[in-house]
Amino acid sequence: MNLYKTAITIAIISLLTGCGSGSAAIKEELASTKETLTRLQSENESLKKELDDLKYGPETLLKEANSYFASGDIKKLKKIQETISKKYPGSGEENKIKALTEKLQKQIDDKAQKEKKEAEKQAAEEKKRQAVATAEMRKRTDDVTGYTVFEDKTSPEYINENGFYAFFAQGNDGVPILYARFQYTGDSWLFINNYTIKADDKIYEISPKYSDVHRDNDGGEVWEYYSTAVNKDVYEIINAVIKSNKTIIRSQGNERKQDRTVTAKEKAALQHVLDAYRAMGGTDSQFKL
């Protein structure tokens, strides 16, 4: 368009300056202007082609295709293939780019298939691992909330038994929640307000609110128990008990107390519950922050 305007301008100037020289001069100027315009248009088209070849030439496109193949960019590689198929169909470069596209697509498909098989294998192994981990556990499902509670079969089944154990509850969302419970039973009330756990040389304290310790009695027997969701501190206590040679738990009230040594069976049950908790999708990362 700029070349056209330039040519017209030249023609007008030529006409104005040549009015006094007669019609022959005018015709000669017009012919010269037309020739100049044609030449300029040809040169413009030639420059456009050169620029197009620099940007979309077969060698340039092949170079870009190799780069996209190396980076694994299948979308851009397919775009290059579309471009060269339109501009240089049947060329050697088109065949090479087509081969690169097919090769990269196969690599992507093979990787996706391998990942799918690996995911299916892991899912099957996880399902098997969960089944094994919970096979020897006691399970109770709440029909209202949908939560299932998992306990080791050796842990106390009733609240009127002494014990320290862990358990976890799992809902429909599949995320298990880990808990710990302290249980005391005897013929005298303690009115527990503190638990001291001495695992070898390490001493831990848990001081629940008075209302958080549940109390009841029957037939001359009393029991007090406290359940808590496991946090960083309780998680540390559980692991310390498991690893200890000897752990004593003191259930302390205002005037009375009870000392009890954690048994090997209780330690094994704690470990079993932790293993099952992890197998069912639980994580201990939140306890290590």
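**Core and sheets of a predicted model**

Setting aside neighbours within four places in sequence, Leu178 is in contact with Phe167, Phe168, Ala229, Val230, Tyr235, Val273, Leu274, Tyr277 and Phe287. The structure is a predicted model, and the description that follows starts from this residue and proceeds to the strands and the helix around it.

Leu178 belongs to the largest nonpolar core, which has 38 residues. Together with Phe164, Phe168, Ile197 and Ile238, Leu178 is among the residues that touch the most other members of this core. Two or more core residues are given by each of the elements β3 (163-170), β4 (176-186), β5 (194-199), β6 (202-206), β8 (221-229), α6 (232-243) and α7 (264-279). Of these, α6 supplies the largest share, seven residues. In general, nonpolar side chains tend to be buried together in soluble globular proteins. Apart from the largest core lies another core, of twelve residues, including Leu62, Ala65, Ile97 and Leu100.

The strands may be taken next, beginning with β8. Strands β4 and β8 run antiparallel and are joined by eight bridges; one residue pair linking them is Tyr184 with its bridge partner Glu224 in β8. Strand β7 (residues 214-218) also runs antiparallel to β8, with five bridges between the two. Here His214 has Tyr225 of β8 as its bridge partner. β7 and β8 form a hairpin with two residues between the strands, and in this hairpin Gly219 takes a positive phi near 60 degrees.

A further group of strands includes β5 and β6. An open sheet is formed by four strands in the order β6-β5-β9-β10, with antiparallel pairing. Its edges are β6 and β10 (257-261), each of which pairs on one side only. Direction ignored, neighbouring strands in this sheet are turned against each other by 15 degrees on average. Within the sheet, β5 pairs with strand β9 (residues 247-252) over six bridges in the antiparallel sense, and Tyr195 finds its bridge partner in Ser251 of β9.

Helix α6 packs on this sheet, where it touches β5, β6 and β9. The direction of α6 makes about 140 degrees with that of β6. The sheet and the core thus share elements: β5, β6 and α6 each give two or more residues to the largest nonpolar core, and α6 both provides seven of the core residues and packs on the sheet.

Definitions and conventions: Residues numbered from 1 in each chain as written. Predicted model: local features only at pLDDT ≥ 70, side-chain atom pairs only at ≥ 80, totals over all residues. Heavy atoms only, no water. Core = buried A, V, L, I, M, F, W, Y, C linked by side-chain atoms within 4.5 Å. Buried < 20%, exposed > 50% of the residue type's maximum accessible area, 1.4 Å probe, protein only. Contact = heavy atoms within 4.5 Å. Pairing = 2+ DSSP bridges. Axes fitted to C-alpha atoms, helices over the stretch in contact; angles between N-to-C directions.
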